[in-house]
Amino acid sequence: MLSDSRSSVALGEPPARAARVLVVDDEPNISALLSATLRLVEFEVRVVDSGHRALVAVEEFEPDLVVLDVMLPDLDGFDVAKRLRATGSRVPVLFLTARDAVEDRISGLSAGADDYVTKPFSLEEVVLRIRAILRRSQPELEAAPADTGVLRYADLELDEDAHEVRRAGRLIDLSPTEFNLLRYLLINAGRVVSKAQILDRVWKYDFGGDGRIVESYVYYLRRKIDKTDPPLIHTVRGVGYALRLPRGGEE
């Protein structure tokens with residue numbers, strides 16, 4: 001299902017190169033509209049209609065991003081993403097889903113999603129989110145925060161060159177979006193940053209965006225980073241989030 005916004009797709013500037021997008025959806029009307037729109041804004045597109053075909057297409061097509069429906073006739077989208085990550089593939093994944101429960105969002109994040117769009121959706125939003133993911137997945141577009149490429153706070157360390165994160169010496173596996181979120185929190189360690197700031201700097205959204213995705217990613221990042229005491233990622237109610245040692249009244 002798509003909302004009626006086909007005539008208002010924000011074409012904007014085409015990508016610097018023809019990025020390859022794999023669309024995985026078994027609803028012909030959705031895949032046709034998505035592929036036509038993405039080709040219109042100068043993406044190279046391939047379409048498949050099942051999870052098994054998606055896994056094969058990732059190997060053959062080598063996409064820069066996968067638009068992945070959750071409800072597929074064989075494997076569901078979560079299983080597809082998990083299998084991709086299990087093989088070492090770090091291709092960004094944008095989920096399309098009609099399931100918007102917290103449990104479903106967490107399942108998507110744990111499967112390695114970089115973002116998700118709930119149905120019904122607008123074509124404009126999908127194009128903007130794809131471009132945002134592609135921008136933040138290009139490390140050359142991000143200025144290094146320090147000459148060493150390493151950010152540290154307390155016993156937490158993020159190495160940009162090696163793309164590794166450690167807490168108390170323990171290696172922590174993060175998705176690209178989780179890595180970028182933690183990087184932004186580390187750059188601003190000791191300061192409170194709002195959801196709007198995070199959406200702007202991590203998701204590169206210049207059109208608002210849904211703050212719930214920040215809540216979901218912060219929750220999931222905490223489960224990985226704050227297994228070790230003391231907790232470092234805190235909610236400042238009514239303001240935003242901060243990476244710092246615990247203070248009174250913080251979650």
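Two strands pair if DSSP finds at least two bridges between them. Keep that in mind for the sheet I will show. Strands and helices here are DSSP runs, numbered from the N terminus: E with at least two residues for strands, H or I with at least four for helices.

A word on the source. This is a predicted model, so local features need pLDDT of at least 70, side-chain atom pairs count only at pLDDT 80 or more, and totals for chains, interfaces and linings use all residues. Residues are numbered from 1 along each chain as its sequence is written, and side-chain values use heavy atoms, with hydrogens and water left out.

The overview. The protein chain has eight helices and twelve strands. Of its 251 residues, 49% are buried. Buried means under 20% relative accessible area, exposed means over 50%, and partly exposed lies in between, with a 1.4 Å probe and protein chains only. Now contacts, meaning heavy atoms within 4.5 Å. Take those in the protein chain with a separation of 6 or more: residues 24 or more positions apart account for 61% of them.

Now the sheet. Look at strand β4, residues 93-97. Five of its five residues are buried. Which way do they point? Val-93, Phe-95 and Thr-97 point one way, Leu-94 and Leu-96 the other. In a regular strand the side chains alternate between the two faces of the sheet.

β4 has a partner in β3, residues 65-69. The two run parallel, joined by four bridges. In that pairing, Val-66 stands opposite Val-93. How does the chain get from β3 to β4? Through helix α3, residues 77-86, in a right-handed β-α-β crossover. Right-handed means this: with the strands pointing away from the viewer, the path from the first strand over the helix to the second runs clockwise.

β4 also pairs with β5, residues 115-118. That pairing is parallel too, over four bridges. Here Leu-96 of β4 stands opposite Val-117 of β5.

On to the helices. Start with α1, residues 28-40. Its 13 residues reach 18 Å from first C-alpha to last, close to the 18 Å expected at 1.5 Å a residue. The expected span is 1.5 Å times one less than the number of residues. Which residues of α1 are buried? Ile-30, Ser-31, Leu-34, Ser-35, Thr-37 and Leu-38. They cover an arc of only 165° around the axis, which puts them on the same side of α1. The arc is that of the directions from the helix axis to the C-beta atoms. On the other side, Pro-28 and Leu-40 are exposed. What covers the buried residues? The cover includes β1 (20-24), β2 (44-48), β3, β4 and α5 (123-136). After α1 comes Glu-42, with a positive phi near 75°.

Next, α2, residues 51-61. Gly-51, Ala-54, Ala-57, Val-58 and Phe-61 are its buried residues. Down the axis they fall within an arc of 105°, so they line one face of α2. Glu-59 and Glu-60, on the other side, are exposed. The buried residues of α2 pack against β1, β2, β3 and α3.

Last topic: charges. A salt bridge here is a side-chain nitrogen of Lys or Arg within 4 Å of a carboxyl oxygen of Asp or Glu. How many salt bridges does the structure hold? It holds 15.

Take Arg-85 and Asp-114. Their closest N and O atoms are 3.6 Å apart. This pair links distant parts of the chain, 29 residues apart: Arg-85 sits in helix α3, Asp-114 in the loop between α4 (102-110) and β5. Buried or exposed? Arg-85 counts as partly exposed because its relative accessibility is 22%. Asp-114 counts as buried, at 2%.

Second pair: Glu-157 and Arg-152, with closest N and O atoms 3.0 Å apart. Glu-157 is partly exposed at 27%. Arg-152 is exposed at 58%.

Third pair: Arg-183 and Glu-160, with closest N and O atoms 2.4 Å apart. This pair also links distant parts of the chain, 23 residues apart: Arg-183 is in helix α6 (residues 176-187), Glu-160 in the loop between β7 (156-159) and β8 (164-167). Arg-183 is buried, with a relative accessible area of 10%.

One network to finish. Salt bridges link Asp-25, Glu-27, Asp-69 and Lys-119. That's my talk.
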